[in-house]
Structure formats: structure tokens, C-alpha cells
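Trainee: Could we go through this structure together, starting with the ligand and then moving to the sheets? I would like a reason behind every value.

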Amino acid sequence: MSNESSAAPQYDVVIIGAGFSGMYMLHRARDLMGLSARVIEAGDGVGGTWYWNRYPGARCDSESYYYSYSFSSELEQEWKWSSRYPGQPEILTYLDHVADRFDLRRDIQFENTVASAHFNDAENYWTLGFDGSDETVTARFVVGAVGCLSLRNTPNFPGLDSFKGDWYHTGAWPHEGVDFSGKRVGLIGTGSTGIQATPVIAAEADHLTIFQRTPNFSIPARNAPLDAETAAEIKANYAEIRQRCRESGHGFPFETIERLASDVSDEERNSIYEALWEQGGFRFLAESFSDLRTDQEANDTAANFIRQKIREMVKDPEVAEKLLPFNHPYGTKRPPIDTDYYDTFNRDNVSLIDVRKAPIEAITPDGVKTADGEYPLDVIVFATGFDAMTGPLLNIDIRGAGGVRLADVWEGGPRTYLGLQVAGFPNFFTVTGPGSPSVLTNMPVAIEQHVEWISDCIAHMNEHGLTRIETTDEDQEAWVQHVSEAADETLFPKANSWYVGANVPGKSRVFMPYVAGMDVYREKCNEVVANGYEGFVTA
Ligand code: N01
């Protein structure tokens, strides 16, 4: 690929990824700002995470009415959600509708994977190259809308190639689905994905064996159809609901709770947990007590409540014991929510294997071999997650000013300013990058804020005839330090989660998202602009 051409770049903006972020970025850049813009997308359709994750039981853990775009009131008024939590097919249909409604597809190049992005330091533009092609695309600005959870993590178990059955990763599920009937299925992984898939696969398979390394705290989702009356009420109040989401710490329209777990008696605390357990979903964490993620004793009250629930739901005490989380405070790994997860362990066709005690040693032609036995299987499902937040960007050969490689700059963990830019990589923006609240929020809220900030920044540059914007090493280091200190004030670092990269062998242990809240973060981003793009140098 040549970086030497002095011809004008082909596009104002090239956007990598056609998920929630990339689609909105395209609409904003092209339709509202009149820029030339192109999206490059690996899949053959829009939707990002909702395009790839078609596994059985895939459903959003945020409620439909606020897990959606807020930028178009016509869209939110006209779209009808069928249930409290939208299933994967419905979200994909929604995103397809958005693509049609805003005529996005004509500027999306599908089935193209960006392999490289190199910056031309003299002329201030980027050249992007693709997997398996000599074609290149040039642009003044690049927006990495690659998603936080898009690079799959498939453990490198010896012998996988020898397996005689079929195996799948939940993050690349076949479009035609998988027929489990009459099959012996093994499921590896009990994060949010494994917990959603378990009951659905168990209902269909002859036998389901779940290989669990870490038991999780899961709260019932209590999914239900969205009735016409509730839907009408939501629509009548949408402006206020969206405002609440924008002003909240995590992008949810939940009540802000100030009370501490120690402010109430044991009975009262229990009845608060009980009511929230009945309500279901993330409110259990968000609307109970404000100190669950900062105070171990407060956390223990919630953790013990959930452990007791697990003991009550799972009939076999030995199985229940294996399912009790023991090595992380509640809410310090991404909290899953479920439909009938624990009840599934009461089925005769389900078994639970503790692979912390007896680790998986190999995949054999016939199944999974652990330290204490071999489990014959017809199908293996890897619900083993993602190389989160940094993986999707490091999977591209990104080289900034002076040919510096992102992979070298991030060797010890991600370094960004506000999760929006990396020093040394001018004109390259990231949507919900590491160092921003991102995965700790209701994602569309964080995505819209980032896309709008980036768009306004490009508009500002165009207005002032500027061609280059980059953050400084000093401002980046101060931000990285601040992100790390904010995390250290919480219980988050205690968990071996993907938030710290612990799920990927060899990955640097750095707490990647910004915990102080979307409200605090939004204010900081606004201040940066008010102070003339403080922390950035423009030319
Ligand atoms: O992935 P995970 P996920 N041997 O990394 C285990 C979002 N999401 O796909 O905990 C054995 O959480 C691993 O064990 P351990 C959400 O943000 C959203 O479930 O590392 N086991 C763990 O149990 C979520 O957090 C929704 O010890 C191995 C599991 O695999 C994120 O996606 C739905 C292993 C991976 O859990 C990722 O969730 C689903 C090994 N070598 C997901 N390696 C919605 O809202 C890994 N594991 C719709």
C-alpha cells in the first residue's frame, strides 16, 4: 500500500464497522454534515454485534425502549418493540429498518475486512487496506466503530481440529441456526452468553453438559410482552426518558439511589432485594444501594442474597454449591440476567462440570477431555467471550504518525485520551474506546454521545480550515492515570473479568472502561470543547 500519493483523499470520513455506532456515524457525517463518508463492514449486513451473535437465547439485557437510538423522534415513535427485552432477531430487524429508513446501505461496503490503516504524516490522511484485496481507500478522518466485543476469544485447546462433531462460537453463529435435537451438546463458558444459551439449548438437546470455570451471579430478567398501554406511555414520555438516560451515570432511565446498604435494617434490606428480584433485570444492582460496587460489606449483602436464591432454585445441593459464585464481588464482572438459567439445572438432561477443579486438557475426536474424565459430545458451543475493547482495534495493522504501530503503543494496555483518540494517531477517532464509560453503560447512550462529539469536532475543524487533530502524550497519560485511579476506588479490579483482560491469556491487566459514570464523562467531554478542544493539538 502506498502512503505517498499527494492526491486528495477519496473521503472525508471512513468508518470501520456498520453496527449501532457506524450506522449513526454515517447518518450524521453524510446526511447532517454533508461529508463524503463510507463504511467498511466485514459482514454482509448491518448490525455489528447483533449481526454476528445469533446464538440460541440471544437477547438484549437492557430493555428495548431505551436500548435504541434516540436521535430520531419519528423513528422511536413509529417503531414497535414486542417485548420488554428485545431478542436478537428483533434488534437486527430494527437495525435493518434504520439502514433502510436513512438509506445507509448505499454507502456501506459489505464483506470487506479492514486489515490496515496507515497515516500519511505529511498530507494528513489515512489509507485503509483490506483482507485479501489490493484495493485501498483514503480518508481525512477514520472512525473506528469496531465494537467493544467483536473479536472472538476461542481458547486454544489442543485437538480442536480433531473433533469429529461440529463446533461453534456464539459470536459467529450460523445464519441458518443449529439443530440440537437428539445431540449431546457441550457448552463452554458461563458468562452472559452461556447463561442465555443454556436453557434454550437444554430444551432442545438430548443432553447438555456445561463446562463452568467461574460461577456467576445472575438475576432473573422477567421478560414479558410489551403491552400496548405500556408502549403508549413510553412513547408519550420518550423525551423525558431519553433525558434521564443521558443525565444518568450508566445510561439507564433508572431511579438514582443514594442510600447505602448499611442505612437500613436487615429485614428492610432483604425486602428491597426481594422486590427488585421480582422486578428483574439490572435494577437489582442499580436501584438497591449505591455502595454495592465500592464497599465489600455492602456487596456481601447482595451476593449472599443471590447465593441463597441459587440454593433455593437448584434442587440438587451439590449442583447448587458448584453454582455459587465465590471469587468476585457481585457486579464486578458484567452482571448477567437470565430466563430460567438456574431452573435448567433441575433437568435430567443437564450436567454441570467444574473445569476450575479439573481443567479442560484437550478436545478429542469424540468430545472434551478434562483432568478427571472425558465427555463424549456431538456438538461443542464456545461461549468463551471476546478479546474485549482492545482486540478489535489491534486486529488491524494501525500505524500513526511516523509509522508508529498501535500494537506497540498499547503493548502494556490501552492508552487513550477520553477513549476518543490515541496520541500519535491524528484524525483517528474511536467510538466507545477503552478509557470511556462504554461497556459500563447502556451502549446506545454512550455511542450517541461519542458519535455526536466526533461529528462536532470534525465540523469545528472544517469551519476553521483545520486538517489535523491529535491528542498529546501528557493529556493522554493524565487521563489514563485518572481512569485507573477511578477504578481503584471501586471493587471492580478484584475480579478476573474481561474488563481487565483477564480472560485472554497474556493480555496486560488494565481496567479498560471509565467507571466514574457517563454523566461525569459527558461533562468532561463538553468542557474539553468549551476550552477550545483542550488536550488536543490542531493544525
Ligand atoms: O463472554 P464472557 P460472554 N476454559 O467473557 C469462560 C456482552 N453480552 O460472551 O469467567 C474454560 O463474559 C469464562 O470463564 P471465566 C456482555 O457485556 C451482552 O458471555 O473467565 N472456560 C466465562 O465463563 C458480556 O459480559 C448480552 O473463568 C473459559 C465465559 O467463558 C460480554 O458480552 C448477552 C475459558 C466467557 O464469558 C461477553 O459475554 C451476552 C477457558 N479457557 C453477552 N475461556 C446482551 O445484553 C473463557 N472461559 C444481549
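Trainee: How many residues surround the ligand, and which are the closest?

Mentor: Happy to start there! This is a predicted model, in which local features need pLDDT of at least 70, side-chain atom pairs count only at pLDDT 80 or more, and totals for chains, interfaces and linings use all residues. Residues are numbered from 1 along each chain as its sequence is written, and side-chain values use heavy atoms, with hydrogens and water left out. Counting a residue as near if one of its heavy atoms lies within 4 Å, the ligand is surrounded by 25 residues, and the closest are Arg59, Thr193, Arg213, Thr214 and Lys333.

Trainee: What classes make up that shell around the ligand?

Mentor: Ala, Val, Leu, Ile, Met, Phe, Trp, Tyr, Cys and Pro count as nonpolar, Asp, Glu, Lys and Arg as charged, and the others, Gly among them, as polar. On that basis the shell has 10 nonpolar, 9 polar and 6 charged residues.

Trainee: Which helix gives the largest share of the shell?

Mentor: Helices here are DSSP runs of H or I with at least four residues, and strands are runs of E with at least two, numbered from the N terminus. The largest share of the shell is 3 residues, and they come from helix H5 (residues 192-204).

Trainee: How much of the ligand does the protein bury?

Mentor: Let's look at backbone atoms before the area. A backbone N or O atom of Asp61 lies 3.0 Å from an oxygen atom of the ligand, while for Ala383 the corresponding distance is 3.4 Å. Areas come from the Shrake-Rupley method with a 1.4 Å probe. Alone, the ligand exposes 910 Å², and the share of that buried by the protein is 88%.

Trainee: Now the sheets: what is the order of the open sheet of 5 strands?

Mentor: Two strands pair if DSSP finds at least two bridges between them. E7 and strand E16 (residues 379-382) do so in the parallel sense over 4 bridges, and Trp167 has Ile380 in E16 as its bridge partner. With parallel pairing, the sheet's order is E7-E16-E8-E9-E12.

Trainee: And why is one side of E13 and of E15 left without a neighbour in the sheet?

Mentor: These strands belong to an open antiparallel sheet in the order E13-E14-E15. Strand E14 (residues 367-370) pairs with E15 over 4 bridges, and Lys369 has Glu374 in E15 as its bridge partner. One side of E13 (360-364) and of E15 (373-376) is left without a neighbour because both stand at the edges, each with a single partner strand.

Key:
Polar contact = N/O pair within 3.5 Å; in protein donor to acceptor, adjacent residues only side chain to side chain.
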